[in-house]
Amino acid sequence: MPAADDQPGEASPYLTAREAAAYLHLNEKTLYAMIQEGGIPATKVTGKWLFPRALLDDWLLESTHGGVLADRLLIAGSDDPWLAHSIARLAQRADDGTLIAYGPCGTRKGLALLAQRRANACPIHWGDAQHATRRHALLLREYTGSSGWVMVQLALREQGVMLSRETAPVATLADLLARQPKIIQRGSGAGSQHFFVQACTVAGLELPALTQSAATEREAAFMVASGTGDCAPGTRAAAGEFGLPFLSLGTEALDLVMPRTLYFRALLQQLLAELAGAESTDLAARLGGYDLAPLGKLRAAATEAG
């Protein structure tokens, strides 16, 4: 890395293309080629490329000797109780100097963090399982750097509506909405909200007014269980964690997205082994709604969506 007195643009945390090229000892043509390949952290503002100095430093470190940050695994994206418990167990057994963390923030926000190199991996789900390969690949193509990402399948999950104990039993989505329930919504970038909206559209049902919101699926389940709302979009697993009745609307795929180089990291492979282990498979069975048969298989990359 250049010495302090050689660093251009010292006063600003953002470098121009010329400054970034000098900082990395590259010519600008090579720098622009790396941007197009998604191989370097950059953002475009009013038509000009800017390069966050801190992320450039992280990128340099990650590129050194297989990545000196190999003792860090930051996962951000879709909420899932089976995944959350498994990550917590892995983190508990890790060495004191190893950081393993999970931030459930929704599919789209997780992908944005992955594109900004703020997260190492992102769990996603976006629509029904039958079309997951294409829909997930198309979704990834919206994000900078996705050409260097891979998708690893985790599970198939039953998706639907988590119900309060007073709301059940309900046979169909039309039956539920006819009761004009108080629905806890998720953000538009959350996969569960997307699935719910699509289910209403397919059934020809008018989307009800949604007045309350939850940051995560598990928060939504808690709000329903505590009587704040009558129902909320979510998985059978999240409903099962809180002992709630559940209206199934179909099956979706839960995939884990990451840079291609991260797939070979020891921590990522340890996570996949943890998910396939006896404790995690037993938990999935007790929560309900999971099919772990796809676990560990690779999906088509974003560039193969067609």
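Which residues does histidine 125 touch, not counting residues up to four places away in sequence? The tour returns to that question once the whole chain has been viewed.

**The whole model**

Begin with the entire protein, bearing in mind that this is a predicted model. Colour the chain by secondary structure: the protein has twelve helices and 13 strands. Aligned along the principal axes, the C-alpha atoms fill a box of roughly 70 × 45 × 35 Å. The radius of gyration is 21 Å, which agrees with the value near 19 Å that a compact globule of 306 residues would have.

Next, display the surface. The accessible surface comes to about 14,200 Å², and carbon and sulfur atoms account for 52% of that area. Of the 306 residues, 48% are buried. Among contacts with a separation of 6 or more, 74% join residues that are 24 or more positions apart. Colouring by charge brings up 27 positive and 31 negative side chains, with the centres of the two sets 5 Å apart.

**First stop: histidine 125**

Select histidine 125, in the loop between β6 and α6 (132-140). Histidine 125 has a relative accessible area of 2% and is therefore buried. Now show its surroundings, which answer the opening question: beyond its neighbours in sequence, histidine 125 touches Ser78, Thr107, His136, Arg157, Gln159, Gly191, Ser192, Glu252, Ala253 and Leu254. One of these, threonine 107, merits a distance label: 18 residues separate it from histidine 125 in sequence, and the C-alpha atoms are 6.7 Å apart.

**Second stop: strand β7**

Select residues 149-163, which form strand β7. Two positions on this strand are worth displaying.

- Leucine 156 lies in β7. Its relative accessibility is 23%, so leucine 156 counts as partly exposed. Leaving aside neighbours within four places in sequence, leucine 156 is in contact with Ala129, Thr251, Glu252, Ala253, Gly289, Tyr290, Asp291 and Pro294. A line drawn from its C-alpha atom to that of leucine 298, 142 residues apart along the chain, spans 14 Å.
- Glycine 160 also has its place in β7. With a relative accessible area of 2%, glycine 160 is buried. Apart from residues up to four places away in sequence, glycine 160 touches Ala232, Pro233, Gly234, Phe246, Leu247, Ser248 and Leu249. Threonine 30 is 130 residues from glycine 160 in sequence and 48 Å from it in space, C-alpha to C-alpha.

**Third stop: helix α7 and the loop after it**

Select residues 173-178, helix α7, and find leucine 177 within it. Is leucine 177 buried or exposed? Leucine 177 counts as buried, because its relative accessibility is 15% and the cut-off for buried is under 20%. Its contacts beyond four places in sequence are Ile183, Phe196, Cys200, Leu205, Glu206 and Pro208. For a long view across the model, label the distance from leucine 177 to histidine 25: the C-alpha atoms are 61 Å apart, with a sequence separation of 152 residues.

Move on to glutamine 180, in the loop between α7 and β8 (184-185). Glutamine 180 is exposed, with a relative accessible area of 71%. Its phi is near 50°, a positive value in a residue other than glycine.

**Fourth stop: arginine 117**

Select arginine 117, in the loop between α5 (107-115) and β6 (122-124). Arginine 117 is not a glycine, yet it has a positive phi of about 65°. The residue is partly exposed, with a relative accessible area of 32%.

**Last stop: helix α12**

Finally, select residues 278-287, helix α12, and show the buried residues Ser280, Leu283, Ala284 and Leu287. Where do these buried residues fall when the view is down the axis of α12? They fall within an arc of 100°, so they line one face of the helix. The general geometry of helices bears on this view: an α-helix has 3.6 residues a turn, so residues three or four places apart point the same way.

Display the partners of this face. The buried residues of α12 pack against α4 (81-93), α10 (236-241), α11 (266-276) and β12 (290-291). Then rotate to the face turned away from the buried side, which carries the exposed residues Ala278, Ala285 and Arg286. The tour ends just after α12, at glycine 288, where phi is positive at about 90°.

Technical notes
Residues numbered from 1 in each chain as written. Predicted model: local features only at pLDDT ≥ 70, side-chain atom pairs only at ≥ 80, totals over all residues. Heavy atoms only, no water. Helix = DSSP H or I, 4+ residues; strand = E, 2+ residues; numbered from the N terminus. Rg over C-alpha atoms; globule rule 2.2 N^0.38 Å. Buried < 20%, exposed > 50% of the residue type's maximum accessible area, 1.4 Å probe, protein only. Contact = heavy atoms within 4.5 Å. Areas by Shrake-Rupley, 256 points an atom, 1.4 Å probe, with all protein chains shown as cover. Lys, Arg positive; Asp, Glu negative; His and termini not counted. Charge placed at Lys NZ, Arg CZ, Asp CG, Glu CD. Arc of directions from axis to C-beta.
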